[in-house]
Amino acid sequence: MSSLAAADSPTTVEPAKVIQPAWVRIMHWINALAMILMIMSGWQIYNASPLFDFRFSRDITLGGWLAGALLWHFAAMWLLMINGLAYLITGLATGRFRKKLLPISPGGVISDVNAALNFKLAHDDLSKYNYVQKLLYAGIIVVRVVIVLSGLSIWKPVQLHWLVMLFGDYDNARYVHFFCMAAIVAFLVIHVALAILVPRSLRAMIIGR
Amino acid sequence: MGRMRKLLIPGVDKKLLVKDAIKVMPDLTRRRFISGGASLGALTLLTGCDVVDSDSADKLLTQVSKFNDAVQAWMFNPDALAPTFPESAITKPFPFNGYYDVDDAPEIDGKDWKLDVRGLVDNKKSWTLDELYQLPQVKQVTRHICVEGWSAIGSWTGTPLRDFLKLIGADTRAQYVWFQCADKEGYNSPLDMRSALHPQTQMTFKFADEILPRAYGYPMKIRVPTKLGFKNPKYVISMEVTNDYKGGYWEDQGYNSFSGS
């Protein structure tokens with residue numbers, strides 16, 4: 001009887017579907033903070049010995065000078081690594097990665113990119129990712145892992161020499177670290193722009209629904 | 001970016017902060033502080049200023065850096081050797097690096113120079129260069145990695161520091177070997193004992209098979225391929241075996257003290 005009543009008026013009795021569980025939201029915002037600290041201090045560190053013919057403006061760097069930036073970078077790295085590891089373990093253990101991010105088919109990605117470019121990509125159900133989202137979210141997890149591994153290689157090139165070998169040598173690891181940063185910043189620009197275009201998604205990442 | 005700054009210095013009124021800063025700092029420093037947020041560098045320049053939030057952030061960062069010292073000491077494997085390279089891999093020209101121009105590098109007369117030995121050692125005799133040159137030497141071609149990120153491969157020849165420590169009867173249970181140098185402003189740096197006893201840690205007398213040139217630390221440099229470059233002191237004039245942490249030129253300015261690679 002009660003179940004029938006519930007079925008009659010689902011909106012009033014049943015709470016709205018949880019799109020982002022609490023652990024995802026908490027880890028997402030910790031990651032956001034850690035990433036911003038890592039990127040801004042990383043830019044200051046880059047400025048001490050630039051790989052390319054440019055430096056980052058002081059206005060967007062953190063730490064004031066190299067030593068300050070290194071302190072920030074090697075403090076925020078714990079936040080980034082521990083939170084990231086917890087996210088990977090929970091994502092795998094709960095099956096969320098598999099359910100949300102797989103499968104990714106090239107055909108699906110192409111048709112969704114076309115739909116997006118023609119403003120026909122629907123966002124009716126925020127709990128289901130389209131192929132472009134799947135590709136970007138899965139891709140950024142991979143980049144996130146590679147930036148940590150290349151960072152560890154630069155930090156401990158002797159103690160973690162086996163890891164450095166993965167990237168060729170110390171100097172290569174620096175370039176890989178830089179390009180991963182560039183990929184994350186590019187992702188961030190798209191990610192934030194789309195969150196603003198679809199405010200419901202931002203709300204879901206804050207209150208879950 | 002204005003919003004960002006506000007987030008980074010929570011609770012600090014940006015306008016008031018700028019007003020305060022204008023009063024006490026020259027233009028460049030002011031820029032530094034605002035962009036640096038709770039940076040240690042800015043704090044050094046701001047000594048005496050009452051910037052509460054930056055102060056607590058600074059304390060936290062210093063604590064984490066000490067924690068990182070412990071983590072690195074735990075990660076340090078005394079048997080793990082820094083990779084070595086063929087002679088063909090040597091970086092030419094090998095860069096000069098210092099907080100002064102090469103023209104201001106110490107000019108030391110090898111005939112007058114002596115290495116002072118102090119602290120927890122049996123034999124505190126000073127060593128002339130000729131005496132040191134008599135000790136067995138080994139060569140290494142390893143990568144020098146600067147805290148700034150760049151690296152260069154060089155060839156260093158000299159006496160393993162652990163052999164010298166044994167020779168002078170150093171107490172190798174002590175915490176540090178502390179080096180003092182002839183650089184202007186008095187460069188110094190502590191080296192943890194386990195790193196000092198690492199087989200590749202070397203009292204270096206030659207670079208690329210030639211007597212160590214002035215640019216690279218004549219007459220003696222300490223080459224530690226398991227440490228960042230600034231923990232490889234040049235123009236060394238004394239070493240002290242000690243249990244006290246005596247600080248270092250860069251370490252005191254906020255660079256991580258262990259700085260192992």
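Where in chain B does Tyr235(B) lie? In this predicted model, Tyr235(B) sits in the loop that runs between β9 and β10 of chain B. Its phi is near 50 degrees, a positive value in a residue other than glycine. With 25 other C-beta atoms within 10 Å, Tyr235(B) is buried, because the threshold for that class is 20 or more. Ala208(B) offers a companion case: this residue is not a glycine either, and its phi is positive, at about 50 degrees. Ala208(B) belongs to the loop between β7 (202–207) and β8 of chain B. Here 17 other C-beta atoms lie within 10 Å, so Ala208(B) is partly exposed. As helpful background, most residues other than glycine have a negative phi, and most peptide bonds are trans.

The peptide bonds also deserve a look. Tyr218(B) and Pro219(B) are joined by a cis peptide bond with omega of about 5 degrees, and Pro219(B) is placed in the loop between β8 (210–211) and β9 (221–223) of chain B. In chain A, a cis peptide bond links Leu102(A) to Pro103(A), with omega of about -5 degrees. Pro103(A) is found in the loop between α5 (96–101) and α6 (106–117) of chain A.

Chain B as a whole contains eight helices and 10 strands. Of its 261 residues, 41% are buried. Among the contacts in chain B with a separation of 6 or more, 66% come from residues 24 or more positions apart.

Five of the strands in chain B build an open sheet with mixed pairing, in the order β2-β1-β10-β5-β6. The edges are taken by β2 (127–128) and β6 (188–192) of chain B; each has a single partner strand, so one side of each lacks a neighbour in the sheet. Starting from the β2 edge, strand β1 (residues 114–119) of chain B pairs with β2(B) in the antiparallel sense over two bridges, and Leu115(B) stands opposite Trp127(B) in β2(B). The pairing of β1(B) with strand β10 (residues 236–242) of chain B is parallel and spans four bridges; here Asp116(B) has Ser238(B) in β10(B) as its bridge partner. At the other edge, strand β5 (residues 176–181) of chain B and β6(B) pair in the antiparallel sense over five bridges, with Tyr176(B) opposite Asp192(B) in β6(B).

The loop between α7 (161–167) and β5 of chain B holds Ile168(B). This residue is partly exposed, with 15 other C-beta atoms within 10 Å. Beyond its neighbours within four places in sequence, Ile168(B) is in contact with Val117(B), Val121(B), Asp122(B) and Asn123(B). Val121(B) is 47 residues away from Ile168(B) along the chain, yet their C-alpha atoms are separated by 6.2 Å.

Turning to chain A, α3(A) and α4(A) pack with their axes 8 Å apart and at an angle of about 150 degrees. Angles over 145 degrees count as roughly antiparallel, which means that this description fits α3(A) and α4(A). Their crossing is left-handed. The contact of α3(A) with α4(A) comprises 19 nonpolar, eight polar and no charged residues.

The contact between the chains draws 27 residues from chain A and 36 residues from chain B. On the side of chain A that touches chain B, the elements giving two or more residues are α3 (22–48), α4 (66–93) and α9 (170–197) of chain A. The most come from α4(A), with eight residues. By class, that side of chain A has 15 nonpolar, seven polar and five charged residues.

Notes:
Residues numbered from 1 in each chain as written. Chains lettered and ligands numbered in written order. Predicted model: local features only at pLDDT ≥ 70, side-chain atom pairs only at ≥ 80, totals over all residues. Buried ≥ 20, exposed ≤ 12 C-beta atoms within 10 Å, placed from the backbone. Contact = placed C-beta atoms within 7 Å. Nonpolar A, V, L, I, M, F, W, Y, C, P; charged D, E, K, R; others polar. Pairing = 2+ DSSP bridges. Axes fitted to C-alpha atoms, helices over the stretch in contact; angles between N-to-C directions. Parallel < 35°, antiparallel > 145°, perpendicular 65-115°, else oblique. Left-handed = near helix turned anticlockwise from the far one by under 90°.
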